[in-house]
Amino acid sequence: MSKNYEHILAYLDNELSAEERAAFEKRLASEPPLAAEMDLLKEAQSRIAFQLKEEQAIADFQSHLQEAIQEDLQDKPTSFIKRYGLYITIAAAAIALLIIFWPGGSESLYRQYAQHPQLALTERSTDSEALAADATEKFNAGQYATAFDLLNDYSSYHPNDPEIILFQGICLLELGQAESAIPYFNQLHESNAINRYEGTWYLALTYLYISEQEASQTNLDRVISLLEEIPPSSAYYEEAQALLGEL
Amino acid sequence: MNHKRVVHIDQHYISGLAENRQEVITAIYRKFFPRIKRYILKNTGKEADAADIFQEAMVAIFQRARKGDFVLSCPFEAYLLTICRNLWLNELKHRKRQEVTNQEANVYKDKSAQQLGEETLLDQERDRFFWQKFELLGRSCKDILKLSWSGIGMQQVAEQLEISYQYARKKKSECIGRLMELIKNDPAFAKLKYE
């Protein structure tokens with residue numbers, strides 16, 4: 001058999017004389033097993049040579065792929081932004097404008113920074129679809145008490161959904177029930193949920209709110225240490241840094 | 001069998017992948033991964049499974065795209081999803097669970113996507129199979145085959161390896177014999193579909 005390979009190789013490597021080549025081609029035409037053997041060898045050669053040539057490209061590709069995935073994981077708030085669409089971007093822009101142009105003094109820091117994302121649950125196509133639509137409408141219209149009740153009902157379909165927890169907390173905070181909001185934000189803050197830093201941000205805002213309501217400094221250290229925990233990859237990093245600057 | 005395929009407008013994804021462009025890879029991930037994840041999660045998988053399947057599919061598509069003659073004749077999404085679905089079905093078979101829903105079956109009714117997806121996976125399977133056999137060869141065989149398949153003549157191969165031309169040819173022939181034996185003796189070889 002190895003003899004055959006010698007012939008096949010000499011043929012493939014163009015090392016046969018014209019007569020030898022013609023003779024070998026004649027054999028190929030009349031001996032299907034030999035032709036099949038040559039096809040298999042050609043395939044093996046082309047596939048292995050391809051892999052050898054591509055080793056580096058495949059490694060580069062895999063690292064690009066990892067980069068895309070890692071970037072997204074670090075940016076989990078980005079998918080949050082995607083989900084809540086344009087609204088959060090508008091809210092962030094509004095915050096930036098407030099920071100730049102705020103005349104200072106007349107309104108609380110909490111109010112300056114408490115720019116909530118809009119709720120957008122309509123994507124979910126489940127039994128709770130109508131409930132999601134109602135909750136979305138009420139929350140975005142600022143009717144936090146009704147929105148809170150609807151979100152409570154909705155959460156029975158999606159227990160422990162970190163995004164629902166966040167918005168439940170925001171409702172309570174807006175209703176002036178800061179102490180009741182703490183466990184919601186704290187649950188996110190202590191979790192590995194994708195929006196855990198939203199939890200951290202809102203927990204900080206909640207303590208800021210309490211501190212302003214009580215006109216005491218006691219909770220400010222807590223606010224600062226929470227804000228410091230928000231990493232650059234979070235969508236709230238810039239706001240957190242700006243607020244830290246003010247504090 | 002070889003009728004001409006019409007190039008789909010999404011061919012740019014294939015070209016971008018073939019050029020290994022980070023922004024194209026990131027765009028594909030962001031645009032299509034959520035749907036793949038949904039499919040895997042609906043079918044008893046976990047988020048980590050979705051990431052693994054996505055990566056495996058992307059590598060298969062990348063390798064196919066690098067071969068240069070690849071014409072995408074269906075939407076990229078349908079093609080990618082078909083590949084992911086097939087990979088996931090295989091994985092479930094390995095795990096001996098088969099309760100896969102048809103929630104996203106509409107996508108796979110695209111015949112062209114199904115055919116392209118299957119061809120891509122088979123191509124990758126063959127690449128892998130032959131590569132694994134090559135990996136089983138000894139060091140000296142790998143060196144001589146690697147050199148001789150890099151596009152240089154046997155004379156140069158012999159010079160680079162500091163052996164005689166005759167010996168280089170004989171050695172290459174022996175190595176090829178060994179490789180072909182490994183290929184044909186593996187029961188998996190018979191299972192690779194050949195048309």
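This report walks through a predicted model of two protein chains, A and B.

## The two chains

Let's start with chain A. It has 13 helices and 0 strands, so to speak an α pattern repeated from one end of the sequence to the other. Of its 247 residues, 45% count as buried. Take the contacts in chain A with a separation of 6 or more: residues 24 or more positions apart account for 56% of them.

Chain B is helical as well, with 10 helices and 0 strands. Reading from the N terminus, you meet one α element after another. Chain B has 195 residues, and buried ones make up 49%. Here 74% of the contacts with a separation of 6 or more come from residues 24 or more positions apart.

## Where the chains meet

How many residues does each chain bring to the contact? Chain B gives 37 residues and chain A gives 39 residues. Putting the two together buries about 3,800 Å², and carbon and sulfur atoms give 63% of that area.

There's charge at this interface too: 7 salt bridges cross between chain B and chain A. One example pairs B:Arg66 with A:Glu54, whose side chains come to 2.6 Å, N to O. The interface also has 12 residue pairs in polar contact, counting pairs with both residues at pLDDT 80 or more.

Which helices of chain B supply at least two residues each to the side that touches chain A? They are H2 (22-42), H3 (47-66), H6 (111-135) and H9 (165-185). The largest share comes from H9(B), with 10 residues. Sorted by type, the residues on this side of chain B are 19 nonpolar, 7 polar and 11 charged.

## Salt bridges

Over all chains, the structure holds 26 salt bridges. Here are some of them, with the N to O distance for each pair.

| Pair | Distance, N to O |
|---|---|
| B:Arg66 and A:Glu54 | 2.6 Å |
| A:Glu174 and A:Arg111 | 3.3 Å |
| B:Asp49 and B:Arg95 | 2.9 Å |
| B:Asp69 and B:Arg64 | 3.1 Å |

Look at A:Glu174 and A:Arg111, which form a salt bridge in chain A. A:Glu174 sits in helix H9 (residues 162-174) and A:Arg111 in helix H6 (residues 109-113), so their pairing ties together parts of chain A that are 63 residues apart in sequence. A:Glu174 is partly exposed at 21% relative accessible area, and A:Arg111 is partly exposed at 30%.

Over in chain B, B:Asp49 and B:Arg95 make a salt bridge. This pair links distant parts of the chain, 46 residues apart: B:Asp49 is in helix H3, while B:Arg95 is in the loop between H4 and helix H5 (105-108). B:Asp49 counts as buried at 13% relative accessibility, whereas B:Arg95 is partly exposed at 34%.

Then there's the salt bridge between B:Asp69 and B:Arg64. Is B:Asp69 buried or exposed? B:Asp69 counts as exposed, because its relative accessibility is 53% and the cut-off for exposed is over 50%. Its partner B:Arg64 is buried, at 15%. Some salt bridges also share partners: A:Glu43, A:Arg47, B:Lys67, B:Asp123, B:Arg126 and B:Asp127 are joined into one network this way.

## Cysteines

The count of disulfides over all chains is 1. Which residues does the disulfide join? B:Cys141 and B:Cys175, with an S to S distance of 2.1 Å. The torsion about their S-S bond is about -85°, so this disulfide is left-handed. B:Cys141 lies in helix H7 (residues 139-148) of chain B and B:Cys175 in helix H9 of chain B, 34 residues apart, which makes this a link between distant parts of the chain. Both cysteines are buried.

Two further cysteines are worth a look. A:Cys171 is buried, at 0% relative accessible area, and B:Cys74 is buried at 1%.

## Two more residues

B:Glu77 is found in helix H4 (residues 76-94) of chain B, and it is partly exposed at 25% relative accessible area. Setting aside neighbours within four places in sequence, B:Glu77 is in contact with B:Asp10, B:Phe32 and B:Arg35. Its C-alpha atom is 9.0 Å from that of B:Ile28, a residue 49 places away along the chain.

In chain A, A:Asn219 belongs to the loop between helix H11 (196-214) and helix H12 (220-229). A:Asn219 is buried, with a relative accessible area of 13%. Beyond neighbours within four places in sequence, A:Asn219 is in contact with A:Tyr207, A:Ile210, A:Ser211 and A:Glu214.

Technical notes
Residues are numbered from 1 along each chain as its sequence is written. Chains are lettered from A and ligands numbered from 1 in the order in which they are written. This is a predicted model: local features need pLDDT of at least 70, side-chain atom pairs count only at pLDDT 80 or more; totals for chains, interfaces and linings use all residues. Side-chain values use heavy atoms; hydrogens and water are left out. Contact means heavy atoms within 4.5 Å. Buried area is the accessible area (1.4 Å probe) that two parts lose on being put together, summed over both. A salt bridge is a side-chain nitrogen of Lys or Arg within 4 Å of a carboxyl oxygen of Asp or Glu. A polar contact is a pair of N or O atoms within 3.5 Å; within protein, one must be able to donate a hydrogen and the other to accept it, and residues adjacent in sequence count only if both atoms are side-chain atoms. Helices (H or I, at least four residues) and strands (E, at least two) are DSSP runs, numbered from the N terminus. Ala, Val, Leu, Ile, Met, Phe, Trp, Tyr, Cys and Pro count as nonpolar, Asp, Glu, Lys and Arg as charged, and the others, Gly among them, as polar. Buried means under 20% relative accessible area, exposed over 50%, partly exposed in between (1.4 Å probe, protein chains only). A disulfide is a pair of cysteine sulfur atoms within 2.5 Å.
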